[in-house]
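User: I am new to this structure and would like a close look at one part of it. Please begin with the charged side chains that pair with one another, and then explain the setting in which they are found.

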Amino acid sequence: MLPATFKLCAGISYRHLHNMTGLKRQAAVAITQELNKYTFARPGPSKWINQVRRRSSLLSSRLEEKTFGEAEMSYIKQGEEALQKSLKILSNQGGWKTETVVDNGDKVLSKVLPDVGKVFRLEVVVDQPMDCIYSELVEKMEQMGNWNPNVKEIKILQKIGKDTVITHETAATTPGNIVGPRDFVSVRCSKRRGSTCVLAGMATAYTGMPEQKGVIRAENGPTCMVLRPLTGNPSQTKLTWLLSIDLKGWLPKTLINQVLSQTQVEFANHLRNRLSHTPAVSC
């Protein structure tokens, strides 16, 4: 069987089969399986088998990377960049000033960063398990317009792998139309690190969604939400939301600051209301 497997791999070298990614992956998997069989059939695996197994494993990982085009890899890297920058901002505990404190303990902090501007940090505790919140914010992302009045619509434009998406978000009109129509095109990525979930994003360019007439294309990021079970009570979740937005247009900074901090407080209330009407079995 092993010689036949190598014939399959050799067949990929022909030009008309060169771009058949599925065949490449099949060959890499087949080689690994056959080497494992060969190894366990003998008392001591020889040195060359170990070397080939390592190289076939490396080949498999490289083939997975090659399933993404250059543009897709660029979006994946942008998502990772947003995640790293956001976590770096949150990890620096100095310089935060209180913007708002609500009776239930919710609070919004802010600080001004070089090359980024003013960023806002929401810290709340939600009486729901982390998986329920993750499901609502990631898996049911396109339903957010149904429960968050500040969002008119979120649409996933493209999914890249299991962690990265490109989205188009249309903001709802503010009362009195104080802030005119805005939309955002963003790359978002979601990562789980142990018991912590990080949902990060930043503005990006996407040819499939050009700027819309009469709507100002605002930019966000780096931004992220960090979810972790509350210490000692996994049925509750600590949610931290780092918000960084450039609304564009001619808007007074005092107005922008007021709108953004209020938006974060309202988001926490709308999320709690949504989860309270969501059956636990669906989380």
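Analyst: Glu80, Lys162, Asp163 and Lys191 are joined in a network of salt bridges. The model is a predicted one, and a search of the whole of it finds 14 salt bridges. Within the network, the side chains of Lys191 and Asp163 meet with 3.2 Å between N and O. This pair links distant parts of the chain, 28 residues apart: Lys191 belongs to strand 6, whereas Asp163 is in the loop between strand 4 (151-160) and strand 5 (164-171). Lys191 has a relative accessibility of 23%, so it counts as partly exposed.

A further salt bridge also spans distant parts of the chain. Glu99 pairs with Lys118, and their closest N and O atoms are 3.0 Å apart. Here Glu99 lies in strand 1 (residues 97-101) and Lys118 in strand 3, with their positions 19 residues apart in the chain. Both partners are partly exposed: the relative accessible area is 31% for Glu99 and 28% for Lys118.

By contrast, another salt bridge stays inside one helix. Lys85 is bridged to Glu81, with the closest N and O atoms 2.8 Å apart. Both residues lie in helix 4, four residues apart, or about one turn of the helix. An α-helix has 3.6 residues a turn, so residues three or four places apart point the same way. Lys85 is partly exposed at 41% relative accessible area, and Glu81 is partly exposed at 34%.

Helix 4 itself runs over residues 70-91, and its 22 residues reach 32 Å from the first C-alpha to the last, close to the 32 Å expected at 1.5 Å a residue. Its buried residues are Tyr75, Ile76, Gln78, Gly79, Ala82, Leu83, Ser86, Ile89 and Leu90. Seen down the helix axis, these buried residues fall within an arc of 155°, so they line one face of helix 4. The face turned away from that buried side carries exposed residues, namely Glu70, Lys77, Lys88 and Ser91.

Helix 5 (residues 130-139) is set differently from its surroundings: eight of its ten residues are buried, so the rest of the structure largely encloses it. The buried residues are Met130, Cys132, Ile133, Tyr134, Ser135, Glu136, Leu137 and Val138. They pack against helix 6 (253-276) and against several strands, including strand 3 (117-126), strand 6 (182-193) and strand 7 (196-203). Strand 10 (223-230) and strand 11 (233-243) are packing partners of these residues as well.

Two residues of helix 5 reappear in the interior. The largest nonpolar core has 35 residues, and those with the most contacts inside it are Leu122, Ile133, Leu137, Leu227, Leu239, Phe267 and Leu271. At least two core residues come from each of strand 3, helix 5, strand 4, strand 7, strand 10, strand 11 and helix 6. Helix 6 contributes the most, with seven residues. As for Leu227, once its neighbours within four places in sequence are set aside, its contacts include Met130, Ile133 and Tyr134, along with Cys197, Leu199 and Leu239. Apart from the largest core lies another, of 23 residues, among them Leu83, Leu109, Val119 and Val185. Leu83 is also one of the buried residues of helix 4, the helix that holds the bridge between Lys85 and Glu81.

Note on methods:
Residues numbered from 1 in each chain as written. Predicted model: local features only at pLDDT ≥ 70, side-chain atom pairs only at ≥ 80, totals over all residues. Heavy atoms only, no water. Expected span 1.5 Å × (residues − 1). Buried < 20%, exposed > 50% of the residue type's maximum accessible area, 1.4 Å probe, protein only. Arc of directions from axis to C-beta. Contact = heavy atoms within 4.5 Å. Salt bridge = Lys/Arg side-chain N within 4 Å of Asp/Glu carboxyl O. Core = buried A, V, L, I, M, F, W, Y, C linked by side-chain atoms within 4.5 Å.
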